Every structure is written in C-alpha cells, then in structure tokens.
Amino acid sequence: MALAGLILAGAITVSRGAVARYSPPPSPRATFSFNAGWKFFKGDATSAMEVSFDDSKWADVSAPHTFNDVDSYTAIISHSGGDRRAWTGVVWYRKHFKLPASAKDGKVFLEFEGLKQAGRFWVNGKFIGKYENGVTPLGLDVTPFVNFGDAENLIAVKVDNSNDYKEEASGVEFQWMGRAFNPNYGGLNRDIWLHLAGRVYQTLPLQENLQTTGIYIYGSNFSISNQTCDVNLESQVRNESGDQQSITLAATVVDADGKVCAKFESEALDLVSGQTEIFKASGKLTGAKFWSDVSPNLYDVYTTLTVDGKIVDVCKTRTGFRKTEFKGGVGTGGVYLNDKFVWLTGYAQRSVNDWAGLGQAYPDWLHDYNAALLRSTHANYIRWMHIAPQPVDVRACDRAGIVEVCPAGDKEKDVTGRQWEQRVEVMRAAMIYFRNSPSILFWEAGNNSISPEHLQQMVDLRKELDPNGGRVMGCRTLNDSGATPIAEYFGVMIGQDRRTDALANPKEMFRAYSAERRDRAPFIETEDFRDEAARRFWDDFSPPHFGFKKGPNDTYSWNSETFCLAAAERYHAYAINKISNPDAAHSKWAGYASIYWSDSNADGRQDSSEVCRVSGKVDSVRLPKQAYYVNRVMQNDAPDIHIIGHWNYGTNVTKTVYVAANHCDAVELFVNGKSAGKSSTATNGYIYAFPEIRFAPGTIKAVATAKDKTVAQTEIKTAGEPKKLKLTPVVSPDGFKADGADVALFDVEVVDANGQRCPTDEARVDFKLDGPAIWRGGYNSGKTNSVNNLWLDTECGINRVAIRATLKPGRIILTATRNGLEAATAAIESKPVETISGLLKP
C-alpha cells in the first residue's frame, strides 16, 4: 500500500520534518472522559433516580469531586484519626448525556476508577448495579439500558460515605473504614470513563461488577546487554455478535516516539456467541528501552482483533518492560532491576494522597506534579498504606520511575470470615487492574501480621493472576515463623521483626530470625520515623514561635531543625546496613520508607497542636519543609548539600548551624566570606554541625569538598524588611481548563524590596478572586477552620492557595493584600473545553 493509503487508513501519521508516527487503525472502540457535567445534591432525595426528576437547581460539578474538601483539615487531629467534623451520609449525582447513533450495535461500558464509599447506579430510571468496597475501580455494562442518537440518557448515582457503612448482603463492615487509616473524602472522587466497543471485543480489567480480566502484558527472556526481551500478551476476548466468529489477536508495540518496535499475532480461534476466552500471543522486542527508576521507559501496546480480515477492536495498554529479581543473602541480596541492585528509598503515604482545601479530588496533572516533587528528593519508592492506591497515582509513578508497594484493603490486624473474604476480593480486583503497571513490584497482603494460611492464599492469588509480572507477595509485618517460607519479601515497621514463638534470649532471637529471613528474600522498611513536625517552626531562635511548645497531648517536640536531625539519624541506621554490604553484620535492608511524604488528614500524635498529621517532608499543599531538602541530600547518589534553616535572626543570636551533605570529606562554613569552621565529622552520616555561630546579616555559605575539590555548595542571604506580596500561579502544562474540575495553585510570598522571601514572616493575607472560578484556599496546620477562607497566614514567608475551575472559560484575577505591604495581583485564563453531549475525548 502506498504511504498516502496508509495515512488514509489511519495506520501512520506524519508531520513535516518528523519520522512517521504510528496511530491505530479505526475500530468501534472509543473511550471518552465522563468527568464533566454532573449535577450534585448533598443529602438524600426521593425519586432522584427517575428520568423525570428535576435537577435544575442542583449544583454543577465535575469529577473528581468530593463534598469533603470544605470540611476537612478543620479540627485538631486525634490519634483515633480523621477530621471528625467532616460531613458524612447520602448524596446524589446525576448526569445527562447522549451517545452517537453509530454505536447502537455495539457495547457501552462505564468505568469508575473508584468512589467513596458505596454507590447505587441507575440508567434511564433502571437500577443497574451497586458498589461497596470504596477502594477498587468498578465497571458497569450499560448496553441494554441506553439510548443512541438524539435521545438523551440519564445516569443517577446514590453515594453513601457514612463512617459506619456496612456491606448490604452480609451486614459486615469493611475493615478499612477507619478514618485514621483511610481518610473519608466522600463522592465521585476519581476519574470516570465511558467505553464504546463492538460486539467482538477485549474485556476491561474490571473485576467489580463486570467480573472481567482485560489484558495482561509481560516481558520474559530478558537480555539486558542485548536490549531484547519477549513480549507476551494474554487478552480476554468475548464474542457477543450472535454468531460464531473466527478471531485473530495481533499486537503492535510502540515506543514513546511513536515508533513501531514489534508486531506479532496469535493463531485464529473460533468463538461461538456468548463465549469468552483468553487469547495469547508473543513476539520479540529488540532495541528495548527497559523500565527502571532511573529511566522509566513506557510503551503503548495496541492489541487488535480481526474477524475475516476486518478489524473489530483495538485497545491501547500503556506498560513497561523490566527484569526483576528479589534476592536474599549477604552482599548479593535485595531488589534488582535489569540486573542492577536498586536501593529502594522513599516514603510511606496514605492512599488518599489528600491535599488541604481539595481533599482527595484533584486533577491528574497535580498527581504528576506530586510524583515529580517526590522524585526530586531522589526517592524512588513509595509504600501506599492500608488500601490500594488510586489509578491516577499508579500511572504517575509509572511515568516518574517510583517503585510501589500495592496493598489491597486492611487496617491493623488479621481478620477472619467475611472481612477476610472482602480483603481477598479487593486484592483480586487490584491485581487485575494494576498488573500491567511496571512501577508496582510488591503486593502487600496485610498492613500487620497475618496467619501463614492467609499469606499462602495471597501468594496463590498472585500466582494465579500475576504469575509472570515480576512482582512478589509479602506483608508489612509477619509475627508467625510459619510464614517465613511462604513470604516472597518481608516488610517491617520501625525496624521490627518479631515472631510469636519466644526464645530464651529475645535479642538473639531477633538477630537469628532477621538473618534467616534476610537470607531468603528482601527485607524492606515500610514505615519508619513516625515522628511529626509542622513546617512553621524553624528552630528555637526564630520568630514568631521560637521553637515548638509541646501541648499536653502532643507526642513529639520537634521543630523543623531537630526534625531533620532525627530523620538523618534514622535514615543513616538503615543506609549503612544495606543488603548489598558484603559484611554480614551490616547487611540487611533492601529498602527504606519514612512515614509520610506529605502531611495528611489522618491519624496523628500532635493531639493539641495540628489539624493534620505532620509527619510529611512536605506539607499538605506540597510546600517543602526543611526535611524535604535533607532527604534530597541523603537520597542523592551525587554530591549534594543543604544548610538547614535560614539566615534572618536577632542581632544577639548565637546558635549551632547544621549542614546536610553527602559524598564529601569535609564541609566548610563561611559567614560573609569568612570561614567559620571546617568539619570532617558527619554526625549520622550526613549532618555537619557548626556550633557557636554568631548571626551577622549578609550571606552564609557551605562548601563540601572531596579530595580538596569542591563538589557541592550552597548559600543563604539575609532578607530585608517585608515590603510587598508576591503571587506565583502554578497550572497544568496544558493550561487551566474550564472543565469544572481543574485546579490552579497560587503561591503567596512576603518579600523584601529585592524580591527575596522573608523567612520568618507569619501573618494574615487576604484574597479577592474575580472571574469564573471557585475558591478553595489553603490551610494553616496549627489553626482550626482555616480551609476555604479568603484569608490565610503565611508560614515561613509563604503559603499556597487553590482555585477550582467552573465550566465557564474566561479571565481569572487573584489579588492578595495585607496592610502595610504592596498588594500582589496574578491573572490566568481559563481555557474552553469542548464537551459534546456530556462526553469528552481524552
């Protein structure tokens, strides 16, 4: 076929000066965003499922949406968890939409990536299904219930996020309902998709309701040096055509540049109408770009069904290929990606991944923003806690190169009966949905110890559903020695590794037992350093707080400076005992996670002081704490340096200045160009202390050297008096979209006459918003009821606020004011988004 013919056929697209880029051939398959244009009512509403119901006075919202963005982060947190002022109960969503007449002979599916907690669904007045676990994605086959062409459709969803919700059929509560472990952001709080397909089609990976397994793609026969592997494909195919069909499955593997890298196909199989089968095919990938934390290369695999020479279905699956090995043993143990040992270093994080002022409902680009920020600390590992992560975060980790631990649903203990069955069901659904994700290396069977029998059941599930994906099954803690030969990796918390069968000498028991497990499979720390410190407390010498004053119910007493010192001590204890160390006395750990990455509206131990748990390295609007920079230094494979704190003190202040540095022999400190000392002793491996440094306005500089050569340096200048406010907008790379769900951030700073931030400023700023947007504000972690107000205090000279888009495009202007300071104004444009009959092509 001539090139022009290929272009017309949709197989190849070209642009001037570019290599031909693959595009898939046309088929009945189409996917649309179903996020925009919902009507919302907070409360129960009689007959709201009926087509004739009048929803004209309901609020206009778009998914992801939560009604708890306005009432979380409002009250002092407690160890029992969660914001107890957050509203819970029944709400309703309705959406009107039309489907193309050309799709009337095919299939129509709805995919909800999740919601909180339970949902009942009606289409055109007919009940079509329910959902209750609040964790996994779900699918609905709406084909028999929808209209096509000019006839309108109506979907109604009744959502219930009651804290005491129980499974309808059994009356049993889901174990993971606790707010301390799974903050409750009710609503349609994740992305929603509408899929069109023909009558011979590949199923979706949606176990909930649809009970289908979709497509499974994995690599094998890796040769890293030769850059080759086999690509293996298993696709669940269903024939609903009404007749027997001879079907062939083919695959086209396309790299990030649109280049076709491999093609292969299966033998033809005959399926009678109503039959479902797994089709298999495999082929060689040459010149492979393997996925790793350093190079997170991804491919699009287009899987095509052909009947009698006619293409009847094309699906795209984004995945990556990597060789994994999980080894025990001194010096050679640990996790290996593509034949290289990888030290896993990062954080534990609540799966809601919440954001003050926005809750759990924020656009996809902000999840990528969060992942990139995490990766900028040189972290390559995140352990999601208690429940399976959101699909949008898994996709972000795939792109960013962040290795993931994926749980299912759990709280803090083993369970039996229906609650254990619920956990297995959620793990099954999570595995099916996420088993093409290259960043997930670990399935987690429990947040705390489970029985050997239960662990074996989870291992068997992995072998059934994900036998070739290069992943392993384990548990955060395993107390029963009977689980040792079953686990495929060992997770621990705060370095604990217990067993229930006591020995005479507990210390020797611990050492022997740890060595036994270390020699069998990787040991990874899943949540260490559970301490807390809010961003606003610099140190004991900085106004306005002059240190953290511990309240009667607070567990910890850290400020930003001492929090960094404690974090370094914990990290160093693990880093010097990497499993790759050939010294058996210092060979154990394959990975380390500190809890949390970001402050969260979950359980906390600062029960007198904060509206959230402040264990994060960034706060809940992702503004870095000093711990962010220290973690960046510790996790960096290259020389790096950071001065902990600022350089704006009172004239009589003399203090110890701490510098975090790595990969160096010594650090020298300079005050206004004059050496204030040189240290070759790093406390806890990373911290260089310079005592009795007297403050003098100007510049403080730290220089790290190795073999008398400068390898890293940094400096801080004294800021002048506050003179003006500064606003800096942060929007998606694609701009701010008028889709009803997009978010724009604005950083507000207090700066001096030269534009330098004033690091000890903490006072109220007032805001005025003009244009088509909804104010969502930010928060002060030490103040109740600070969210969603048109005012906010700066902390350490900066804070961050958010606005949410409406469905109306236009110019948006934000003004920030404070008496005595020059006001700041920033403007952005809300771009129009074309939604046709309730559908948006992604």
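Begin by selecting strand β44 together with strand β46 (residues 798-805) in this predicted model. The two strands are paired in the antiparallel sense, and four bridges join them. For a single point of reference along β46, display Gly777 and Ala802, which are bridge partners.

Next, widen the selection to the sheet. β44 and β46 belong to an open sheet of four strands, ordered β40-β42-β46-β44, with antiparallel pairing. Colour β40 (724-730) and β44 (773-777) separately, as these are the edge strands, each pairing on one side only. On average, neighbouring strands of this sheet are turned by 25° against each other, direction ignored. As general background, the strands of a sheet pair through backbone hydrogen bonds, in either a parallel or an antiparallel manner.

Now add helix α2 (residues 364-375) to the view. This helix lies across three strands of the sheet, namely β40, β42 (743-751) and β46. Relative to β42, helix α2 runs at about 50°.

The last stop is Arg632, which is found in helix α8 (residues 626-634). Is this residue buried or exposed? Arg632 counts as buried because its relative accessibility is 19%, and the cut-off for buried is under 20%.

Show the side chain of Arg632 and the backbone of Ile641. A polar atom of that side chain lies 3.2 Å from the backbone oxygen of Ile641. To complete the surroundings, select Ser376, Thr377, His378, Asp640, Ile641 and His642; these are the residues in contact with Arg632 when its neighbours within four places in sequence are left aside.

Terms used. Residues are numbered from 1 along each chain as its sequence is written. This is a predicted model: local features need pLDDT of at least 70, side-chain atom pairs count only at pLDDT 80 or more; totals for chains, interfaces and linings use all residues. Side-chain values use heavy atoms; hydrogens and water are left out. Buried means under 20% relative accessible area, exposed over 50%, partly exposed in between (1.4 Å probe, protein chains only). A polar contact is a pair of N or O atoms within 3.5 Å; within protein, one must be able to donate a hydrogen and the other to accept it, and residues adjacent in sequence count only if both atoms are side-chain atoms. Contact means heavy atoms within 4.5 Å. Two strands pair if DSSP finds at least two bridges between them. Axes are lines fitted to C-alpha atoms, for helices over the stretch in contact, and angles run from 0 to 180 degrees between N-to-C directions.
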